[in-house]
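Walk through this structure with me, one region at a time. Keep the sequence and the 3D view side by side.

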Amino acid sequence: MGIDVGSTNTDTVLVDADGVVTARAKVPAVADLAECIDTAVSSLLVRGTVDPAAVCAISLGTDRTQDSVDAGADLRRVAVLRIGAPLSGAIPPMATWPAGLRSMVDAGTAIVAGGCELDGTRIAPLDERAVARFADAVAGRADAVAVTAVFSPVDPADELRAARILADRLGPVTVSASHEIGSMGLLERENATVLNAALSGGVEHTASALRAVVRRHGMDAECFLTQRDGTLRALGHATRFPILAIGSGPANSMRGGAHGSGLADAVVVDVGGSRTTVGRLVDGFPDESTSPYTIGGVVTNLRLPDLVVLPLGGGSLRDARCNGGPLATLTDAAVADGRTTAGGVGVPESDRAGLARRLARYDQLLAEAVDRIGLGAHGLPVLVVGGGGGIAPDRLPGIGRVVRPPHGEVANAVGAAVAPVGGTAERICGGRPDLLRRAVEELSAEAVDHAVQAGAWPERVRVAGVEEIPLSYLRDPAVRVRVRAVGPPLVPPRMPGPPSGRPGVPSRSPARSPR
């Protein structure tokens, strides 16, 4: 089962072992996430055609993590420890944050000695006494801790040791370590780690809500959360890294469009109720942006899907004129233009001229966004998905063919249901061919191990991509190497049964993926 909670609707699908969508539903979203999930699951199971015990996995995607930062809601107070004195003291932790957000999150900061250079050479020994003093200073006022060491992606030893000291002295407080979250770039990686720690309370609430719904409906299913790169993490693992779920909504839509169309390289146009998101598929996964990503005014080095977002969508069908509502929406414009059929009431003649102008402007903005995302790759097909996809034209000037995949209206939920579990590993190494080969081999093993830790089927994990980026402005040539591994979720395979509530029959074929 795939669930995606959007700002306008919550979409749900059931997908069988062959990847075929067997049931789907779309229900209005509400403010309470637990209610969204419960309503979505109920909308499928209430039909009585599915045995809840036959559902072996549930994948949930939601963009509400980003909303929490933007609204400053459900954030924990975080103590921030940087390891890198005296070299990194010019800009203190959180110095570039918006004042309001910082005041809500900041529970104390410190910079202590330790860290390493780019080549792994120690800057100074970790000042363990200073770490302990910091823990004592923030005890009782910090709900979580973020630890960042200079060049920890090269050698995380100081972060790991500091995290153990903090955990020993502070007890059950969430500790986020930057080498598990960000890439190179001290301040941006530190920012991402602090945000991750601040979001830890919200993701625990999400996990509790999902588990409660699973129990309430009599399902014994493994639970996963979708991630920004179009992959999954098992629920227990994902709660350690809530920031990695930011951007998962567009990633789900792109993966769902790829699954339904069979296309691995395309531009994806996801039309929702309030916005249109345009991104690019490369080898079946979202193309990632190389520019810094800002969350709530905080600059991070997270790599999210490269997107162009238009603040225009189809609107709410409940409110549309074509459905007897009070508002003239872009869906009404598309109905008047003959692009789609929706509702059961005609669009008033007095609205048509204005709607035609709005639709023409939308087409122009959409064509520009598609051209920008597809720059340098002429002739790419355009996949149109999303509940408001009917407002998009069937032809765009200078653009390849427009494809509307099956179940495109719920592509985000399809993407959640069919996504693999993923793991990545990254390192900077020397530019010599032998050093590069060795780094790729070692990182491939690490990425596979990370995917298995995240819930992938060990025997079926594969390396899905190797990225090598030469680094500038260094005395000796160096390359940043990043490896991604993916595999199907490790879940108990089951045979679908009648809607009797009886447990499903285990499959006798361990070689067949349950997904």
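Two strands pair if DSSP finds at least two bridges between them. Helices (H or I, at least four residues) and strands (E, at least two) are DSSP runs, numbered from the N terminus. The model is predicted: local features need pLDDT of at least 70, side-chain atom pairs count only at pLDDT 80 or more, and totals for chains, interfaces and linings use all residues. Residues are numbered from 1 along each chain as its sequence is written, and side-chain values use heavy atoms, with hydrogens and water left out.

Begin with strand β12, residues 276–282. β12 and β16 pair in the antiparallel sense over four bridges. Within this pairing, T277 stands opposite V309 in β16. In a regular strand the side chains alternate between the two faces of the sheet. Strand β16 (residues 307–310) shows such alternation. V308 and L310 point to one face and are buried, while L307 and V309 point to the other and are not. Buried means under 20% relative accessible area, exposed over 50%, and partly exposed in between (1.4 Å probe, protein chains only).

Now turn to an open sheet. Four strands run in the order β6-β5-β7-β8, with parallel pairing. The edge strands are β6 (106–113) and β8 (174–177), and each pairs on one side only. Neighbouring strands of this sheet are turned by 15° against each other on average, direction ignored. For such angles, axes are lines fitted to C-alpha atoms, for helices over the stretch in contact, and angles run from 0 to 180 degrees between N-to-C directions.

Look at one pair in that sheet. Strand β5 (residues 78–85) and strand β7 (residues 144–149) are parallel partners over six bridges. L81 has V147 in β7 as its bridge partner. Helix α5 (residues 157–170) packs on the sheet and touches β5, β7 and β8. The direction of α5 makes about 160° with that of β7. Another helix, α4 (residues 128–138), lies across β5 and β6 and runs at about 170° to β6. Contact here means heavy atoms within 4.5 Å.

Next come the charges. The structure holds 26 salt bridges. A salt bridge is a side-chain nitrogen of Lys or Arg within 4 Å of a carboxyl oxygen of Asp or Glu.

What does R82 form with E190? The two form a salt bridge, with the closest N and O atoms 2.8 Å apart. R82 lies in strand β5 and E190 in helix α6 (residues 186–198), so the pair ties together parts that are 108 residues apart in sequence. R82 is buried, with a relative accessible area of 0%. E190 also counts as buried, at 1% relative accessibility.

A second bridge joins D158 and R122 (2.4 Å, N to O). This pair links distant parts of the chain: D158 is in helix α5, R122 is in the loop between β6 and α4, and they are 36 residues apart. D158 is buried at 8% relative accessible area, whereas R122 is partly exposed at 35%.

A third bridge brings together R482 and E288 (3.2 Å, N to O). R482 lies in strand β21 (residues 478–487) and E288 in the loop between β13 (285–286) and β14 (293–295), so parts 194 residues apart in sequence are tied together. R482 is buried at 14% relative accessible area, and E288 is buried at 12%. The linkage extends into a network of salt bridges: E288, R303, E426, E467, R480 and R482.

Some charges meet rings instead. A charge sits over a ring if NZ of Lys or CZ of Arg is within 6 Å of the ring centre and within 35 degrees of the ring normal. R484 lies over the face of F285, at 4.3 Å from the ring centre. The charged end of R460 sits over the ring of W457, 5.5 Å from its centre.

Now find helix α2 (residues 64–71). Which of its residues are buried? They are R64, T65, Q66, S68 and V69. These residues pack against β1 (2–5), α1 (33–45), β4 (57–62), α3 (99–105), α6 and β14. G72 follows α2, with a positive phi near 65°.

Finish at V21, in strand β3 (residues 21–28). V21 is buried, with a relative accessible area of 14%. Leaving aside residues up to four places away in sequence, V21 touches V13, L14, V15, H407 and V414.
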